[in-house]
Amino acid sequence: MILGAVGAFSAPVSPVFAQPAVATPSAALPDFTDLVDKVGPAVVNIRTTERSKMGAQGSGGFPPGMDDPEMQEFFRRFFGVPVPRQQPETPRGRRQTPQQQQEEEVPRGVGSGFIISPDGYVLTNAHVVEGADEVYVTLTDKREYKAKIIGSDKRTDVALVKIEGSNLPRLNFGDSNKVRVGEWVIAIGSPFGLDNTVTAGIISAKARDTGDYLPLIQTDVAVNPGNSGGPLINMRGEVIGINSQIYSRSGGYMGISFAVPIDEAIRVSEQLKTTGRVTRGRIGVQIGEVTKDVADSLGLPKANGALVQRVEQGGPAEKGGIEPGDIIVKFNGMPIEKSSDLPRMVGNTKPGARSTVTVWRKGAARDLAINIGEMEPDNKVAKEEARKPKPEQAVNTLGLAVTDLSETQKRELKIDGGAVIENAEGAAARAGLRPGDIVLRINNTDVKDGKQFNALVSKLEPKKTVLLLVRRGEASQFVTIKPNGQ
């Protein structure tokens, strides 16, 4: 350890430095106690549930194969799974048939959030509430409210929910544009369901490009599954970001976490509050980076701007005169330093507005007038994708039909392999698996892709229980399946 190495160092010490060092106030580590007392009450725990047929997930929330008492105790202690309940009986003492079974709420996920107004508006991540039938918000004083989802935006991973309350504690907003690399920050949330956990660190970098609309704040604050949606707070007690992502190869914290800048979150939340959705501008171009070689060849002073690779037929850009090969160097007079700046600037422009786009073409700059179009909302895109016919996948002996992860999915999820479940039936469905889940491991073997997974399944012993490591959203958990469905 470093301390041990320092203690073992035996080089001669100059008399000037022989006296014990005394930390000056400026060099002392910060004390976060008063800050946590001030902002802590406005940070909330968010848990979501979904409606499911009683018994569909196994008795009391345990999937089939989890009937071992020691395994049940493990899940109760660390994951909050309730005590198993027997399937309800009819008045005559017979077990209910599937048609007689009633729907019940089953836990879906746990995240964090923070109150932004005394009347109960709460900011969190979109992925925290995605797919939830019910959302519950719990304050630090243990008051619990059923929340209403006002709206969510997948592109920025921001959601706004509302609870019915008054005079609630709230957090003040900071200016994420004034964030400085190296400054101290804290995160408060519910990692692994542990409410009101405080961690601290520094800003590691700003404006990390992880998507077209999300220049994230990078920190070394310890953030784990369950912290999602919680606030990133500066030393003045102001929110400067929403903790959203971690970089991890194992599913746990590895020293890098990312937060949505609060300025962007505010802009999104205001639209969600007003209309329930977010509108963004578009001009209809496919762009790429401008390399130094390209800049030198075209006579650009420096390698900046966005190279137009393709122009959408009939789109705003084509109508405005933009051509493939143009380099967009300014948008409404603002310079484009890197290609990712353009979609953010255009996206933040109101659809229907008339904007000026400056392009570099044949050694000269020229201004073009463009009428900004409107980007299709997330739900419409999702519906169109759902309508696309998908190739039939063969169901293996576990009751699973799987397919490969795309390279984009792997990058977004920060994983090297896995197989996406397209369909779950039989034993897999009874174990609680569902489309969209990602199988990372089967027994002790990592899953690389769908073909390998099916090959491993074909070699399983028919009567032996199988253990799968499955990722759903941010969390990964083990699920047991009996191949013969028993």
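The side chain of serine 269 reaches the backbone oxygen of isoleucine 266 at 2.9 Å. Serine 269 is part of helix H5, which covers residues 262-275. The model is a predicted one. Its protein chain has 486 residues, of which 42% are buried, and holds twelve helices and 27 strands.

**Serine 269 and helix H5**

- Serine 269 counts as buried because its relative accessibility is 6%, and the cut-off for buried is under 20%.
- Leaving out residues up to four places away in sequence, serine 269 touches Leu123 and Leu160.
- H5 also gives five residues to the largest nonpolar core, the largest share from any element.

**Nonpolar cores**

- The largest nonpolar core has 27 residues, and the members that touch the most other members are Phe114, Leu123, Leu171, Ile242 and Ile262.
- Two or more residues of this core come from each of helix H2 (33-39), strand E3 (121-124), strand E6 (158-162), strand E8 (184-189), strand E12 (238-246), strand E13 (257-261) and H5.
- H5 supplies five residues here, the largest share.
- A second core, separate from this one, has 21 residues, including Leu398, Ala424, Ala431 and Val479.
- Leucine 123 has contacts with Gly113, Phe114, Ile116, Val158, Ala159, Leu160, Gly229, Ile242, Ile262, Ala265 and Ser269, when residues up to four places away in sequence are not counted.
- Among these contacts of leucine 123 are Phe114, Ile242 and Ile262, which are also listed with leucine 123 as core members that touch the most others.

**Strand E4 and its hairpin**

- Strand E4 runs over residues 134-138, and five of its five residues are buried.
- In a regular strand the side chains alternate between the two faces of the sheet.
- In E4, Glu134, Tyr136 and Thr138 point one way, while Val135 and Val137 point the other way. All of these residues are buried.
- E4 pairs with strand E5 (residues 144-153) in the antiparallel sense, over four bridges.
- The two strands, E4 and E5, form a hairpin with five residues between them. In the turn, lysine 142 has a positive phi of about 75 degrees.

**Threonine 138**

- Threonine 138 lies in E4 and stands opposite glutamate 144 in E5.
- The side chains of threonine 138 and glutamate 144 are joined by a polar contact of 3.2 Å.
- What does threonine 138 touch, not counting residues up to four places away in sequence? The residues are Val44, Asn45, Arg143 and Glu144.
- Threonine 138 is classed as buried because its relative accessibility is 12%, below the limit of 20%.

**Charges over tyrosine 121**

- The ring of tyrosine 121 has the charged end of lysine 273 over it, 4.4 Å from the ring centre.
- The charged end of lysine 162 also sits over the ring of tyrosine 121, at 5.4 Å from its centre.
- By residue number, lysine 273 falls within H5 (262-275), and lysine 162 is the end residue of E6 (158-162).
- Tyrosine 121 belongs to E3 (121-124).

**Two partly exposed residues**

- Glycine 182 is found in the loop between strand E7 (172-173) and E8.
- With a relative accessible area of 40%, glycine 182 is partly exposed.
- Glycine 182 and isoleucine 202 are 20 residues apart in sequence, and their C-alpha atoms are 5.3 Å apart.
- Outside its neighbours within four places in sequence, glycine 182 is in contact with Ile202 and Ile203.
- Valine 110 lies in strand E2, residues 103-115, and is partly exposed with a relative accessible area of 44%.
- From valine 110 to valine 129 the separation is 19 residues in sequence and 9.1 Å in space, C-alpha to C-alpha.
- Valine 110 is in contact with Asn45, Ile46, Arg47, Ser190, Gly193 and Gly226, leaving aside neighbours within four places in sequence.
- Asn45 is thus named among the contacts of valine 110 and among those of threonine 138.

**The chain as a whole**

- Of the contacts in the protein chain with a separation of 6 or more, 60% are between residues 24 or more positions apart.

Technical notes. Residues are numbered from 1 along each chain as its sequence is written. This is a predicted model: local features need pLDDT of at least 70, side-chain atom pairs count only at pLDDT 80 or more; totals for chains, interfaces and linings use all residues. Side-chain values use heavy atoms; hydrogens and water are left out. A charge sits over a ring if NZ of Lys or CZ of Arg is within 6 Å of the ring centre and within 35 degrees of the ring normal. Buried means under 20% relative accessible area, exposed over 50%, partly exposed in between (1.4 Å probe, protein chains only). Two strands pair if DSSP finds at least two bridges between them. A polar contact is a pair of N or O atoms within 3.5 Å; within protein, one must be able to donate a hydrogen and the other to accept it, and residues adjacent in sequence count only if both atoms are side-chain atoms. Contact means heavy atoms within 4.5 Å. A nonpolar core is a set of buried Ala, Val, Leu, Ile, Met, Phe, Trp, Tyr and Cys residues joined through side-chain atoms within 4.5 Å.
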